[in-house]
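Me: Could we go through the strand pairing in this model? I would like to start from one residue pair and work outwards.

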Amino acid sequence: MLTVVQHSNNIPDSLDQLVVERGLVTQETLTRARLVQSETGERLDAVLTRLGLISEHALANAIADATGLAVATIASYPQQALDLANVTPRFLRDAKAVPLQFTPHGMDVAFVDPFNPFPIQALRFASGQKINPIVAKSSDLESALDRLYGAVADYNGEIDSEADDVDLERLKDLASDAPVIRAVNRLIARAVEERASDIHIEPNEDGLAVRFRIDGAMRDIDPLPATMKLAFVSRIKVMSGLNIAEKRLPQDGRLRLAVRGHDIDLRVATSPTIHGESVVMRILDRSNLALEFETLGFDQITLNKYLPVLKRPHGIVLVTGPTGSGKTTTLYASLSELNTTDRKILTVEDPIEYRLGGISQTQVSAQIGLNFAAALRSFLRQDPDVMMVGEIRDLETAQVAVQAALTGHTILSTLHTNTAASAVTRLLDMGVEPFLITSTLNAVLAQRLVRRLCPHCKESFKPTQDALEAIDVNIKLQSIVTLYKPVGCDRCGHTGFRGRVALLELLVMDDAVGQLVLHRAEAREIQRAAIAAGMRTMLEDGIIKAEEGQTTIEEVLRVTREA
């Protein structure tokens with residue numbers, strides 16, 4: 001489908017003239033973009049959109065409005081590449097062009113910059129066809145190029161990826177090849193656009209397998225050829241400040257990249273394998289960080305119980321759950337709630353995932369003896385009101401946290417336990433005295449993440465009695481009238497899910513639970529006492545969210561059966 005935009009009579013001669021005349025950027029901003037372009041060698045349109053000076057949508061519409069050309073949509077791109085023997089994928093990438101279809105009047109071709117006459121003339125000469133330009137958005141066109149011609153079809157590097165004697169200068173040359181730079185940048189941009197949390201690059205005999213983790217699930221992406229192994233990994237290592245000559249030891253680094261106008265932080269970890277180095281990049285996109293409790297999955301009932309204990313002037317609040325259950329995000333949301341001008345807030349983390357304004361954040365450094373306990377002790381001399389400890393891993397850290405809470409500080413931290421009640425018994429097992437736990441522990445919040453149903457395509461259905469009985473005999477099954485299932489559409493990548501939501505279980509320390517702790521009761525007894533006092537379990541919270549259409553009952557069962 002092509003969208004035709006009405007145009008004015010005065011057609012600019014170039015993209016530079018267009019963006020200034022239309023008021024999309026000032027002349028000073030254009031000059032700055034030109035300086036960046038001269039340093040990076042990128043096209044002007046790429047610089048303008050990457051720096052966030054103009055959105056792709058606004059740029060495409062402005063070009064279409066000025067020229068009267070149609071605007072290509074995602075559906076405009078063909079399912080298979082057109083047969084053009086004399087046109088190489090590398091030329092199309094350099095020209096930012098994709099042939100769309102043959103017509104009785106020539107060939108429709110999508111261009112990001114149709115003002116540039118040279119690609120149009122070259123395509124006319126190579127194909128023997130009259131070229132009908134169509135305006136394209138850069139991200140749509142690049143995705144089509146990757147799909148139709150391969151992500152690295154323009155790479156001609158030839159080197160034995162398993163060789164151990166490649167010298168440092170050769171590695172640097174490989175990492176600085178323009179096709180390699182473009183391939184790495186495109187992969188990261190695609191991962192950000194598809195809301196991936198991690199990029200996995202895994203070497204094998206045939207090349208590099210690439211997978212994204214999206215909404216907690218791994219998804220295969222187009223693989224990279226074997227000739228790309230060394231160059232691709234070397235480029236990532238250069239960007240993240242790692243030693244490109246060291247391939248025998250794991251390395252950790254960090255890099256920052258501008259994607260579609262905002263900065264993205266990536267935490268990079270490499271590891272040697274028998275087929276080469278494996279790379280995992282954790283994407284830390286501050287723009288997608290949701291720090292509102294309602295967005296995370298807190299309903300008003302849970303929030304009305306959590307906020308009062310969070311805002312107590314002293315005591316410990318723990319968030320528990322396995323790795324990847326959203327504990328750090330919940331802690332950041334809690335810190336944001338407490339982050340007022342009248343509070344001094346300090347954190348010690350391993351690693352620091354996101355930078356929070358107005359909060360002093362410290363990175364653990366085992367090499368110099370700066371562990372959680374040491375940092376927490378030093379914090380006590382900084383006159384803090386609130387301290388966040390990334391994780392209570394041992395008795396020493398637990399004891400320092402307890403002492404800090406006893407002396408009038410609020411402590412937030414995490415534990416790796418399956419339920420809220422088992423966090424209490426974990427502290428006992430570490431060696432913390434029961435009377436200290438009852439004196440300092442305000443609440444424990446246990447959580448899991450489930451995939452959120454896509455709001456645009458989910459469908460409701462009435463579950464059968466057999467399906468309901470498979471849930472849990474302790475739940476009032478008769479009250480469940482409607483559930484929802486995933487369908488799949490363009491907005492969710494045809495998975496039926498978009499984003500994640502937390503299932504929560506909040507245990508607030510009261511007299512009944514305190515007495516059980518003093519007697520070193522088991523987690524099951526503490527759990528029963530908390531439920532009797534009104535605690536909603538994760539399963540119950542999940543069923544409520546399934547009834548509301550936030551997730552599926554299968555997702556709820558998947559995570560709560562492990563709890």
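**Strand pairing in the sheet**

Reply: Ile199 stands opposite Met281 in β11. Please bear in mind that this is a predicted model.

Me: How many bridges join β6 to β11, and do they run parallel or antiparallel?

Reply: Strand β6, residues 196-203, is joined to strand β11, residues 276-284, by four bridges, and the two run antiparallel.

Me: And what about β10 and β11, how many bridges there?

Reply: Nine bridges link β11 to strand β10, which covers residues 262-273; this pair is antiparallel. Within it, Leu266 has Ile283 of β11 as its bridge partner.

Me: How many residues lie between β10 and β11?

Reply: Two residues separate them, and the two strands form a hairpin.

Me: Turning to β7, how many bridges join it to β6?

Reply: Seven bridges connect β6 with strand β7, residues 207-214, again in an antiparallel arrangement. Ala196 has Ile214 of β7 as its bridge partner.

Me: What is the strand order of the sheet, and is the sheet open or closed?

Reply: The sheet is open and has six strands in the order β8-β7-β6-β11-β10-β9, with antiparallel pairing.

Me: Which strands stand at the edges, and why is one side of each left without a neighbour?

Reply: They are β8 (217-225) and β9 (251-259); each has a single partner strand, so one side of each lacks a neighbour in the sheet.

Me: What does the twist average from one strand to the next?

Reply: The twist averages 20° from one strand to the next.

Me: Where do side chains point in a regular strand?

Reply: In general, side chains in a regular strand alternate between the two faces of the sheet.

Methods
Residues are numbered from 1 along each chain as its sequence is written. This is a predicted model: local features need pLDDT of at least 70, side-chain atom pairs count only at pLDDT 80 or more; totals for chains, interfaces and linings use all residues. Side-chain values use heavy atoms; hydrogens and water are left out. Two strands pair if DSSP finds at least two bridges between them. Axes are lines fitted to C-alpha atoms, for helices over the stretch in contact, and angles run from 0 to 180 degrees between N-to-C directions.
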